[in-house]
Structure formats: structure tokens, C-alpha cells
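Work through the exercises below with the model open. Each task is followed by a solution in steps.

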Amino acid sequence: MVQPKLEGKVALITGAAAGLGEGIAETYAKYGARICMVDLSPDVEATAERIRGMYPDARIITAVANVADRAQMDEAAKATADAFGPIDIACCNAGVCRLAPFEQMPDAMRDFHIDVNIKGVWNTCQATIPYMLSNGGGAIVIASSVTGDIVADAGEAAYAMSKAALVGLTKCLAVEYADRNIRVNCSQLGYARTPMVEKMAVESNPDDPESAIADIAVGVPMKRLARPTEVGELFAFLGSDEASYITGAQVVIDGGSTLPETMSIGTN
Ligand SMILES: NC(=O)c1ccc[n+]([C@@H]2O[C@H](COP(=O)([O-])OP(=O)(O)OC[C@H]3O[C@@H](n4cnc5c(N)ncnc54)[C@H](O)[C@@H]3O)[C@@H](O)[C@H]2O)c1
């Protein structure tokens, strides 16, 4: 019998109450990881219960914590290690996105992105790395985006800046910890239908948010948005020993959305 690829691994997943984090947690449970699902929202326990219902053998705890708060992340990491042993994998997924025209964007909105998207990942890495080092290594998977490093839409200045910063953090940590057996990679997702994207659709087209979402799919060569568990599969691979020689990588997962050169030239 083939061993599930995350059997025996201990993983901490942030932003796990909904959206992609929920999909990542579901996928990690499927592959046999022991998981701590971390989220700002107490709804994370109900989400964990849903996943336990799908995978009755899954070992899952939850922690209500703000990734922007280092002490809370230290507590969540300790609770994970106390329950399951040293953390092997950190999935730094929690993030926020708010749109506003650049000149009208309040400093508070900019700082919100810096605090959650950049400092939140920073805190999650600093809180979990000591456990990895104590146990001979580990893996970190960071949710960056195609936004910022590759493409951008108007109104996304704070979000794009924060997601591009995570590419730099990924590369530096990959180099810094390579000889201590911690691999660090990031995902660059196009679009998945999650509460975040539904909110962006309302901000983009308050009268008809569904058409904003439908229009995203039109621009994707695969003509659909990602499912959260498809992103979960990438996080599972990058967190697993099967990715043992991959570090510092930026993996685009976008159904081809960043490929077309034009929307008008070509044979189909
Ligand atoms: N959905 C997409 O299309 C898309 C595309 C590219 C990148 N991403 C990135 O993927 C990640 C997840 O996105 P999503 O669409 O699932 O978002 P979402 O808003 O749907 O869900 C995010 C989850 O994170 C939690 N969260 C928010 N702030 C937090 C904090 N300070 N501390 C702890 N938890 C917090 C929320 O409560 C929520 O459960 C984000 O980093 C996002 O930037 C998403």
C-alpha cells in the first residue's frame, strides 16, 4: 500500500477557517497530516469539524489567533507541538485584500496589508522554524500570488506590494535555511472562488458582483477559477518529502491566466 504523502507530518495552517486555507487543511487531512488549523475567526472549529466528518481518522486541533500578533502565533505553534510533536510544515496562507484607488487609499488600509500579509507570514515563520530546527528540518509554503510579482489590477496597490514582498521573503529564507534542511517555497495563485474573491467582486462591481466573477473566468484559458483543494494539492506537494529538492521556488497555479499575450490575436 502506498503511504499517504503527509503521514506522520505535523502541519500548522493559517487562515484555515475558510477559502483556500480550508481547502489546504482538507487536503492535508486527506494525506494523513496532523494539523493545527489557525484562524482569526472562531468559525475555524466548525470548519475543522466538517473536515473530521470527511476524514474520521484525521487528527486536527484548532487555534484562534491573529497572524499579525507574534505572541498569539507563538502560542498557536506551542499548542501544535504540545498536541502532536515538533512542527514539520507551516502553511502561511492567511491574507487579506482590500481595493481602493491609490490616491484615496488610507494609510490604515496599506498598513493592514503589511501587518497581515507580510508581518503575518513573518510571524508564522519565526514561530514555527524553531520546532523544525529542533527536529532536523521542515518545509514552509507561503501563499504569494500572481498579483504583484507578475500582474496587477487597478486598486490593488497595497495587496500587490504585500504579495510581491513574500517572493523576496521566500527566496531569502530558502537560502538562509537550505543547509539546515528547511525548504521554503511560495504559491502564485491566479483566482479561486473564496470569500476574499467574492468581496473583491463586490468592491469591483457592487451592482453585479456575479458578473465580475464570471468575467474572471473569461480571461482564464481554462475558463474557470481554481478550486481551493487544487491549491491544497500544491501545498501538500511542496510540504511533502516528495518535493525534497525544491526550495526557493515560485509555483504559478493559475489555469494559464498569466499566459495570453492578447485577448484578440490567435486561431481560437
Ligand atoms: N482566492 C484567490 O483567488 C487568491 C489568489 C491569490 C492569492 N490568494 C491568497 O491566498 C490566501 C487565502 O486567500 P482566500 O481567498 O482563501 O482568503 P479568504 O478571505 O477567503 O480567507 C482567508 C482566511 O484567513 C483568515 N484571516 C484573515 N486575517 C487573518 C489574520 N490576521 N490572522 C489569522 N487568520 C486570518 C480569515 O478569517 C479567513 O478564514 C491569501 O493570502 C490570499 O492573498 C488568494
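**Exercise 1: the shell around the ligand**

By class, the ligand's shell is made up of 17 nonpolar, nine polar and two charged residues. The model is a predicted one.

Task: State how many residues surround the ligand and which come nearest.

Solution. Start with the count: 28 residues are around the ligand. Then pick out those that come nearest, which are Leu20, Asp39, Tyr159, Lys163 and Thr194.

**Exercise 2: backbone contacts and burial**

Task: Find the ligand atoms that pair with polar backbone atoms of Leu20, Leu40 and Pro195, then give the share of the ligand's area that the protein buries.

Solution. A pair of N or O atoms counts as a polar contact within 3.5 Å. Take Leu20 to begin with: a polar atom of its backbone is 2.7 Å from a ligand oxygen. At Leu40, a backbone N or O atom lies 3.2 Å from a nitrogen atom of the ligand. At Pro195, a backbone N or O atom is 3.4 Å from a ligand oxygen. For the area, the ligand taken alone exposes 830 Å², and the protein buries 91% of that.

**Exercise 3: placing the ligand**

Task: Say which pocket holds the ligand, which elements give two or more residues to its shell, and where the ligand lies relative to domain 1 and domain 2.

Solution. The ligand sits in the largest pocket. Elements giving two or more residues to the shell are α1 (19-30), α5 (157-177) and α6 (195-204). Of the elements, α6 gives the most, with three residues. Finally, domain 1 (10-190 + 229-252) and domain 2 (191-225) both give residues to the shell, so the ligand lies between them.

Notes. Residues numbered from 1 in each chain as written. Predicted model: local features only at pLDDT ≥ 70, side-chain atom pairs only at ≥ 80, totals over all residues. Heavy atoms only, no water. Near = heavy atom within 4 Å. Polar contact = N/O pair within 3.5 Å; in protein donor to acceptor, adjacent residues only side chain to side chain. Areas by Shrake-Rupley, 256 points an atom, 1.4 Å probe, with all protein chains shown as cover. 1 Å grid on protein atoms, 1.4 Å probe; cavity = no way out; pocket = protein on both sides within 12 Å on 5 of 7 lines; lining within 4 Å. Sits in = over half its atoms within 2 Å of the grid points. Helix = DSSP H or I, 4+ residues; strand = E, 2+ residues; numbered from the N terminus. Nonpolar A, V, L, I, M, F, W, Y, C, P; charged D, E, K, R; others polar. Domains from an automatic or database assignment.
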